[in-house]
Amino acid sequence: MQSENNTHSQPFVLIIEKNTLLANQLDFVLKMAGFQSLPVASVVEALAVLKKRLPDVILSSVNLGTFSGFDLLRRLRAEFPSQRLYVSVTTVAGREIAEGKLKDLADMIFYAPLDFAWIVR
């Protein structure tokens, strides 16, 4: 799959978060900072978007219900091994647990509560 990133003037962020309020807050903050963003609530929805367009950044929760953020990240790294995907993960898990499980999967880890100003830097 070819990334469409070069055809859009604003960086595209895919938000994967089952908490609708948090997803909408992230979407709003990112759009106000000049990004294109799209919130989805599940791994299934995220994979459907990824088949059409690769984002510049994926901002995903770890706790996604049936499929976890860990499952999603493993799948992304397997399906797009040559594609540079910048993946950030949000979690309420303890630092040691999250960093141990995410060490080779995520490029960056954000811990709750989220600092929205820091995310858009």
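**Entry 1: Leu 76**

I began with Leu 76, which lies in helix 3; here helices (H or I, at least four residues) and strands (E, at least two) are DSSP runs, numbered from the N terminus. The model is a predicted one, in which local features need pLDDT of at least 70 and side-chain atom pairs count only at pLDDT 80 or more, while totals for chains, interfaces and linings use all residues. Residues are numbered from 1 along each chain as its sequence is written, and side-chain values use heavy atoms, with hydrogens and water left out.

Is Leu 76 buried or exposed? I found Leu 76 buried, with a relative accessible area of 1%. The term buried stands for under 20% relative accessible area, exposed for over 50%, and partly exposed for what lies in between (1.4 Å probe, protein chains only). I also looked up the separation of the C-alpha atoms of Leu 76 and Leu 50, which is 9.2 Å, with the two positions 26 residues apart along the chain.

**Entry 2: Helix 3 and Leu 72**

Helix 3 covers residues 69-79, and its buried residues are Gly 69, Phe 70, Leu 72, Leu 73 and Leu 76. Seen down the axis of helix 3, these buried residues fall within an arc of 160 degrees, so they line one face of the helix. The arc is that of the directions from the helix axis to the C-beta atoms. I noted as background that an α-helix has 3.6 residues a turn, so residues three or four places apart point the same way.

Leu 72 is also placed in helix 3, and I found this residue buried, with a relative accessible area of 0%. Which residues does Leu 72 contact, leaving aside its neighbours within four places in sequence? They are Ile 16, Val 43, Leu 47 and Ser 60, where contact means heavy atoms within 4.5 Å. The C-alpha atoms of Leu 72 and Val 44 are separated by 9.2 Å, and these residues are 28 apart along the chain.

**Entry 3: Helix 2**

I turned next to helix 2 (residues 43-52), where Val 43, Ala 46, Leu 47, Val 49 and Leu 50 are buried. Viewed down the axis of helix 2, its buried residues fall within an arc of 160 degrees, so they line one face of the helix. Turned away from that buried side is a face carrying the exposed residues Val 44, Lys 51 and Lys 52. I recorded that the buried residues of helix 2 pack against strand 1, strand 2, strand 3 (57-61) and helix 3.

**Entry 4: The strands**

How many residues of strand 1 are buried? I count 5 of its 5 residues, and strand 1 is mostly covered. Phe 12, Leu 14 and Ile 16 are buried on one side of strand 1, and Val 13 and Ile 15 are buried on the other. In a regular strand the side chains alternate between the two faces of the sheet.

Strand 1 (residues 12-16) pairs with strand 2 (residues 36-40) in the parallel sense over 5 bridges; two strands pair if DSSP finds at least two bridges between them. Within this pairing, Phe 12 stands opposite Gln 36, and Ile 15 has Pro 39 as its bridge partner. Strand 1 also runs parallel to strand 3, joined to it by 4 bridges, and Leu 14 stands opposite Ile 58 there. In strand 3, 4 of the 5 residues are buried, so strand 3 is largely enclosed by the rest of the structure.

**Entry 5: The whole chain**

I find 5 helices and 5 strands in the protein chain, following the pattern β-α-β-α-β-α-β-α-β-α along the sequence. Of the 121 residues of the protein chain, 40% count as buried. Among contacts between residues at least 6 apart in sequence, 62% join residues at least 24 apart.
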